[in-house]
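Colleague: I'm new to reading models like this one, and I'd like to look closely at a single part before anything else. Could you pick a helix, show me what lies around it, and then follow the neighbours outward?

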Amino acid sequence: MIRRAEECDVFILKKHLAENQFHNPYFYIDINMFGYRSDVIDTFVIEGCTQIYGYIYKYFNSLQLFIMDTYRDFNELTEFILNSNAVMISGSAAIIKCLSGKLINRYTSDYGVIMSYEGTTENAIGSVELANEDKCLEIAQLICSDNSIGGHYETEILEKQLIERMSLYNCKNVYVSMDGRIVSHAATYADDGNLAIIGGVITLDKYRGLGLGKKVVKGLCDM
């Protein structure tokens, strides 16, 4: 059974997420930052007769999943996802693999990497700078110039999203400039200080192979 979460469920949910931060970092960051229910947020519990099997976090038009290894009723979860009309679903690789076959006609799967950063002394050419709002249009143009990374964005909309994340949600954009233009960029798309989702990592074709991608990611982690 999938039911809407009540306030009494949230303490247990946050305890699970704190103990398993890497299971779904988006879920961990967003529920701590935005709460479990609002006009654009809702939280659900996947419940059996004797135990909780997981949780679903609806954030605008995306779903974030925290599912226990013992869960088996993927037909129920698939039906919930389809009825939600979510444009994006995040969860552990194991859960996404279980769902991908059932949702192949609606979604494509992509997998990221979770890492713990402990610092490095490596250097690359270029100086990493922290962007302000005035740089967001140029950053959006750089991201949208690569169809595989920014092809689903419109430049003006992405610019507004970058500004909103910076001004309201503590997210950061860093970049390297060369020859009078931004040539490499990385950002946090969700950020609680100690755990963050990194995205928008891109270097202009002409400047690839110089270590700038590593440079901006390292700079982002150090800020």
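**A helix and its surroundings**

Modeller: Gladly! Let's start inside helix α2, where Pro25, Phe27, Tyr28, Ile29, Asp30 and Ile31 are buried; here buried means under 20% relative accessible area, exposed means over 50%, and partly exposed is in between (1.4 Å probe, protein chains only). Keep in mind that this is a predicted model, in which local features need pLDDT of at least 70 and side-chain atom pairs count only at pLDDT 80 or more, while totals for chains, interfaces and linings use all residues. Residues are numbered from 1 along each chain as its sequence is written, and side-chain values use heavy atoms, with hydrogens and water left out.

What covers those buried residues? The cover includes α1 (7-19), β2, β3, β4, β8 and β9. These labels are DSSP runs numbered from the N terminus: helices are H or I with at least four residues, and strands are E with at least two. After α2 comes glycine 35, with a positive phi near 85°.

Now let's see how α2 sits on its neighbours. Helix α2 (residues 25-34) lies across β8 (181-191) and β9, at about 70° to β8. Angles run from 0 to 180 degrees between N-to-C directions, and axes are lines fitted to C-alpha atoms, for helices over the stretch in contact. Contact, in turn, means heavy atoms within 4.5 Å. The helix α2 also lies across β2, β3 (52-59), β4 (62-67) and β5, and there it runs at about 65° to β3. Helix α3 (residues 74-84) packs on this sheet as well, touching β1, β2, β3, β4 and β5, and its direction makes about 165° with that of β4.

So what does that sheet look like? It is open, with five strands in the order β1-β2-β3-β4-β5 and mixed pairing; two strands pair if DSSP finds at least two bridges between them. The edges are β1 (2-4) and β5 (88-90): each has a single partner strand, so one side of each has no neighbour in the sheet. On average, neighbouring strands here are turned by 25° against each other, direction ignored. At one edge, β1 pairs with strand β2 (residues 41-47) in the antiparallel sense over three bridges, and isoleucine 2 has isoleucine 46 of β2 as its bridge partner.

The sheet with β8 and β9 is open too, with four strands in the order β6-β7-β8-β9 and antiparallel pairing. Its edges are β6 (128-130) and β9 (196-203), each with a single partner strand, so one side of each is left free of a neighbour in the sheet. From one strand to the next, the twist averages 25°. Three bridges join β6 to strand β7 (residues 173-178) in the antiparallel sense, and leucine 130 has valine 174 of β7 as its bridge partner. Helix α5 (residues 136-144) packs on this sheet, touching β7, β8 and β9, with its direction at about 95° to that of β8.

Let's follow the helices one step further. The axes of α3 and helix α4 (residues 93-100) are 10 Å apart and meet at an angle of about 85°. That makes α3 roughly perpendicular to α4, since 65 to 115 degrees counts as roughly perpendicular, under 35 as roughly parallel, over 145 as roughly antiparallel and the rest as oblique. In this contact, Phe74, Leu77, Thr78 and Ile81 of α3 meet Ile95, Cys98 and Leu99 of α4. Six of the contact residues of α3 with α4 are nonpolar, one is polar and none is charged; Ala, Val, Leu, Ile, Met, Phe, Trp, Tyr, Cys and Pro count as nonpolar, Asp, Glu, Lys and Arg as charged, and the others, Gly among them, as polar.

On the other side of our tour, α5 and α7 pack at about 125°, with axes 8 Å apart, which makes α5 oblique to α7. Their contact involves, among others, Leu137, Ile139 and Ile143 of α5 and Leu158, Leu162 and Met166 of α7. The residues of this contact of α5 with α7 divide into ten nonpolar, two polar and one charged.

A last stop is the loop between α3 and β5, the place of asparagine 85. Phi of asparagine 85 is positive, near 55°, in a residue other than glycine. Most residues other than glycine have a negative phi. With 54% relative accessibility, asparagine 85 is exposed.
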